[in-house]
Amino acid sequence: TWERLQKHPGDAEWDFSVPDRAIAEMERQGISYLAILHCHRNGKPDFQKASRDPAQWLGYVTKCVERYKGRVGAWEVWNEVNILAKIDNQMSPAEYADFLRRTYRRIKEIDPSATVTTGGFSDLPIDYLRELYKRGLKDFCDAINIHPYAWPPERSLDTRLEELKALMREFGDEAKPVWISEVGLQLKPRGLAVPGFTAAALNTV
């Protein structure tokens, strides 16, 4: 995240030691990497910092993409933006559309081959996505990135994905890929947290 690389906006000193090590290890193991462009304050997402000075934000984006061009092939612009809109009254569709458009253009200026995804939407927010599409989403992302947590997943995921694909068809964007970059099953409240359950499940993947 931005604040870990540059302690204060405008500082000349940047510290890429942590992502350098992480990316090198993933390359060693042959793992593809989706990097998230994001920032926090006191442990919480801080969109105000990113939006307060667009030039500073784009400077952060530039540093990251230039450094990892040819190594990181995909960039996610923020994370679960619709939660910020719902809980903290930040990142409305209008705000995020402008934010994503500017960030997308900067990434493509530096690395035209990079894939730029939306910021992993939590729980497939069709209404939020519709407002983004009205503001031109089709033209400033290469993939729709989602985190479709649900219970039970096998009963709802297909239906919700069909709703998303219908929305994309409505705006002429049906050819665009949909990435599920985060998903899971909450075990403990459902009585599934037995010793070794997760390890056994992962061993079958």
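Here is a walk through the fold, from the overall make-up down to single residues.

What you have is a predicted model, in which local features need pLDDT of at least 70 and side-chain atom pairs count only at pLDDT 80 or more, while totals for chains, interfaces and linings use all residues. Residues are numbered from 1 along each chain as its sequence is written, and side-chain values use heavy atoms, with hydrogens and water left out.

Let's start with the whole protein. Its secondary structure comes to nine helices and eight strands; these are DSSP runs numbered from the N terminus, H or I with at least four residues for helices and E with at least two for strands. Of the 205 residues, 39% count as buried. Buried here is under 20% relative accessible area, exposed is over 50%, and partly exposed is in between, all with a 1.4 Å probe and protein chains only. If you take contacts between residues at least 6 apart in sequence, 74% of them join residues at least 24 apart, a contact being heavy atoms within 4.5 Å.

Now for the sheets. One is an open sheet of three strands in the order E1-E4-E5, with parallel pairing; strands pair if DSSP finds at least two bridges between them. E1 and E5 (115-117) sit at the edges with a single partner strand each, so one side of each has no neighbour in the sheet. Neighbouring strands are turned by 25° against each other on average, direction ignored. For this and later angles, axes are lines fitted to C-alpha atoms, for helices over the stretch in contact, and angles run from 0 to 180 degrees between N-to-C directions.

Zoom in on E1 (residues 34-37) and you'll see its side chains alternate: Ala-35 and Leu-37 point to one face and are buried, whereas Leu-34 and Ile-36 point to the other and are not. Four bridges tie E1 to the parallel strand E4 (residues 74-77). Leu-34 has Ala-74 as its bridge partner in E4, and Leu-37 stands opposite Val-77.

Two helices pack here. H4 lies across E1 and E4, running at about 160° to E1. H6 packs on the sheet too, touching E1, E4 and E5, and its direction makes about 160° with that of E4.

H4 (residues 54-68) is worth a closer look. Its 15 residues should span 21 Å at 1.5 Å a residue, and because the end C-alpha atoms are 21 Å apart, the two agree; the expected span is 1.5 Å times one less than the number of residues. Its buried residues are Trp-57, Leu-58, Tyr-60, Val-61, Thr-62, Cys-64, Val-65 and Tyr-68. Their cover includes H1 (2-5), H2, E1, H3 (47-52), E4 and H6 (93-110). Just after H4, Gly-70 takes a positive phi of about 85°.

How do H4 and H6 meet? Their axes come within 10 Å and cross at roughly 35°. On the H4 side the contact uses Pro-54, Trp-57, Leu-58, Val-61, Thr-62, Val-65 and Glu-66, which meet Phe-99, Arg-102, Thr-103, Arg-106, Ile-107 and Ile-110 in H6. These residues divide into eight nonpolar, two polar and three charged; Ala, Val, Leu, Ile, Met, Phe, Trp, Tyr, Cys and Pro count as nonpolar, Asp, Glu, Lys and Arg as charged, and the others, Gly among them, as polar.

H2 (residues 17-28) has twelve residues and reaches 16 Å from first C-alpha to last, close to the 16 Å expected. Gly-30, just after H2, has a positive phi of about 70°.

The other open sheet to visit has three strands in the order E6-E7-E8, again with parallel pairing. Its edge strands are E6 (121-122) and E8 (178-180), each pairing on one side only. Three bridges join E7 (residues 144-147) to E8, and Asn-145 stands opposite Trp-179 in E8.

The loop between E6 and H7 (126-134) holds Asp-123, whose phi is near 65°. Leu-124 is in that loop as well, with a positive phi of about 45°. Most residues other than glycine have a negative phi. Asp-123 is partly exposed at 45% relative accessible area, while Leu-124 is buried at 7%.

Last stop: Lys-165, in H8 (residues 153-170). At 24% relative accessibility, Lys-165 counts as partly exposed. Leaving aside neighbours within four places in sequence, Lys-165 is in contact with Glu-174, Lys-176 and Val-178.
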